[in-house]
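Got your viewer open? Let's take a walk through this one, stop by stop, and see what turns up when you click.

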Amino acid sequence: MFYEDIPNGKNYFDEDGHLIQAHGGQIQWMSYFDINSKSVVSKWIWVGEDKTSGAHGGIRAYSSEDLRNWKSEGIIMRNIDKREDFDNDIYFKKLYFDKSSEELDHIYECINSTTAIIERPKLIYNKKNEQYVLWFHADGPTRESKSSYAAASAGVAVSKSPFGPYKFVDRYRLNICPDDQKDYYPQSKGMARDMNLFVDDDDSAYIIYSSEENLTLYISKLNDDYTYLSETVDKAVYGRDYIRLFPGAQREAPAMFKRNGKYYLITSGCTGWAPNQARYYITDNIMGNWKNMGDPCIGDTSHTTFDSQSTCVFNASNNKRIERYIYLGDRWNSNKLSESSYLFLDIEFMEDDSLKIFYQERGLVDGN
Ligand code: DGJ
């Protein structure tokens with residue numbers, strides 16, 4: 001099957017005829033060293049959740065030259081359902097040969113496919129270490145709580161290739177509400193759920209995530225390696241290392257991007273797998289004031305972001321003359337998560353830098 005454009009909200013297959021499994025994902029243009037051709041190649045890379053077997057899948061990647069036809073690059077970070085397989089499988093043995101048995105216990109707790117939740121993976125390249133860094137919402141029960149979303153952490157894994165295998169580094173609780181501000185969930189500090197990443201023009205990287213039991217979004221700066229925060233939580237300075245956004249507004253699914261010096265953040269409300277009304281914000285300064293711009297969707301009569309939830313916005317212009325930013329949304333199918341589909345919608349920018357998103361039956365229609 002060859003796609004001229006994208007069947008928004010419908011079954012969408014990879015080059016092998018399998019449903020594309022890259023939910024809660026991210027698309028970007030990347031250059032990387034290709035071991036087959038032994039040269040540097042540039043392609044579109046799509047990473048996301050593989051939901052073939054339901055909620056607890058691994059992370060899969062796809063590559064494409066035209067943004068419409070995708071080749072599966074396989075599972076780039078595997079999870080595993082049995083402890084003995086984790087100990088004996090050569091894939092995990094090679095990755096974690098240097099770990100103590102306590103460390104292996106912890107890694108297994110974070111990546112097992114029975115209880116650990118791995119969602120919304122996002123990928124960035126760290127020039128300094130020449131390594132690909134994958135962050136994701138890492139959740140699941142903990143030793144203290146059996147609740148399925150108890151860990152509420154951000155996980156990180158690294159690899160020398162964009163297509164893995166990624167070595168799990170750890171999962172972390174992140175920054176906390178300063179004492180002089182109202183914490184909307186003081187009983188559990190530093191939570192991190194739906195997340196995204198953003199790398200600025202000066203190579204500073206940020207993680208954007210729902211905290212305080214999803215009541216408040218945070219943006220925290222990452223360190224030079226992109227593998228942890230810019231400062232430990234006890235030393236982090238509010239307004240320099242992190243900022244809380246829209247306290248109590250209950251936003252998730254953050255999709256951040258930059259255009260003409262302005263930063264944009266598209267978000268959803270928090271209604272599980274059910275869609276709700278998008279809201280976006282603009283600022284000139286990441287750690288400054290973000291202006292609420294309301295719902296960007298035009299003609300969305302049911303106020304459900306055209307039955308989707310934001311996952312990323314990417315610049316599809318790829319050096320072509322015409323500017324093109326695409327909103328990528330998930331249309332979740334909660335009865336069968338593996339059949340969740342995608343919306344690729346062009347974003348239109350107004351003269352005052354506000355934006356509009358219209359529904360399109362087909363995504364990425366040329367000249368549209
Ligand atoms: C909404 C989040 O955006 C999704 O990533 C997922 O965690 C669902 N909630 C689970 O209900």
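Before the first stop, one bit of vocabulary: a residue counts as near a molecule if one of its heavy atoms lies within 4 Å of it. Also keep in mind that you're looking at a predicted model.

**Stop 1: the ligand**

Select the ligand and show what surrounds it: E119, R120, Y149, D194, E252, G272, W273 and Q309. Sorted by class, that shell has four charged, two polar and two nonpolar residues. Now zoom in on some polar atoms. In the side chain of R120, an N or O atom is 2.9 Å from an oxygen atom of the ligand. Q309 also offers a polar side-chain atom, 3.0 Å from a ligand oxygen. With G272, look at the backbone instead: an N or O atom there lies 3.4 Å from a nitrogen atom of the ligand. How much of the ligand does the protein bury? Taken alone, the ligand exposes 290 Å², and 88% of that is buried by the protein.

**Stop 2: C270**

Next, click on C270, in the loop between strand 15 (262-268) and strand 16 (279-283). Its relative accessible area is 21%, so C270 is partly exposed. Leaving out residues up to four places away in sequence, C270 touches N214, Q250, R251, E252 and N276. You've met E252 already, as one of the residues around the ligand.

**Stop 3: S72**

Jump to S72 in strand 5 (residues 71-77). Is S72 buried or exposed? S72 counts as buried, because its relative accessibility is 19% and the cut-off for buried is under 20%. Show side chains, and you'll find a polar contact of 2.8 Å between S72 and R60. The S72 side chain also reaches the backbone nitrogen of G74, at 3.1 Å.

**Stop 4: aromatic rings**

Colour the aromatics: the whole structure holds 30 aromatic pairs. Try F246 and Y281, a stacked pair with 3.5 Å centre to centre and 10° between the planes. F246 sits in the loop between strand 13 (242-245) and strand 14 (252-259) and Y281 in strand 16, so this pair ties together parts 35 residues apart in sequence.

Then pick F314 and F344: their ring centres are 6.3 Å apart and their planes are at 80°, so this pair is edge-to-face. F314 belongs to strand 19 (residues 309-315) and F344 to strand 21 (residues 341-349). Both F314 and F344 are buried.

To finish, select the aromatic cluster that these two belong to: Y3, Y12, W29, W44, W46, Y62, W70, F314, Y342 and F344.

Key
Residues are numbered from 1 along each chain as its sequence is written. This is a predicted model: local features need pLDDT of at least 70, side-chain atom pairs count only at pLDDT 80 or more; totals for chains, interfaces and linings use all residues. Side-chain values use heavy atoms; hydrogens and water are left out. Helices (H or I, at least four residues) and strands (E, at least two) are DSSP runs, numbered from the N terminus. Buried means under 20% relative accessible area, exposed over 50%, partly exposed in between (1.4 Å probe, protein chains only). Contact means heavy atoms within 4.5 Å. A polar contact is a pair of N or O atoms within 3.5 Å; within protein, one must be able to donate a hydrogen and the other to accept it, and residues adjacent in sequence count only if both atoms are side-chain atoms. Accessible areas come from the Shrake-Rupley method with a 1.4 Å probe; for residues, only the protein chains shown count as cover. Ala, Val, Leu, Ile, Met, Phe, Trp, Tyr, Cys and Pro count as nonpolar, Asp, Glu, Lys and Arg as charged, and the others, Gly among them, as polar. Rings of Phe, Tyr and Trp (its six-membered ring) pair if their centres lie within 6.5 Å; planes under 30 degrees apart count as stacked, over 60 as edge-to-face and the rest as tilted.
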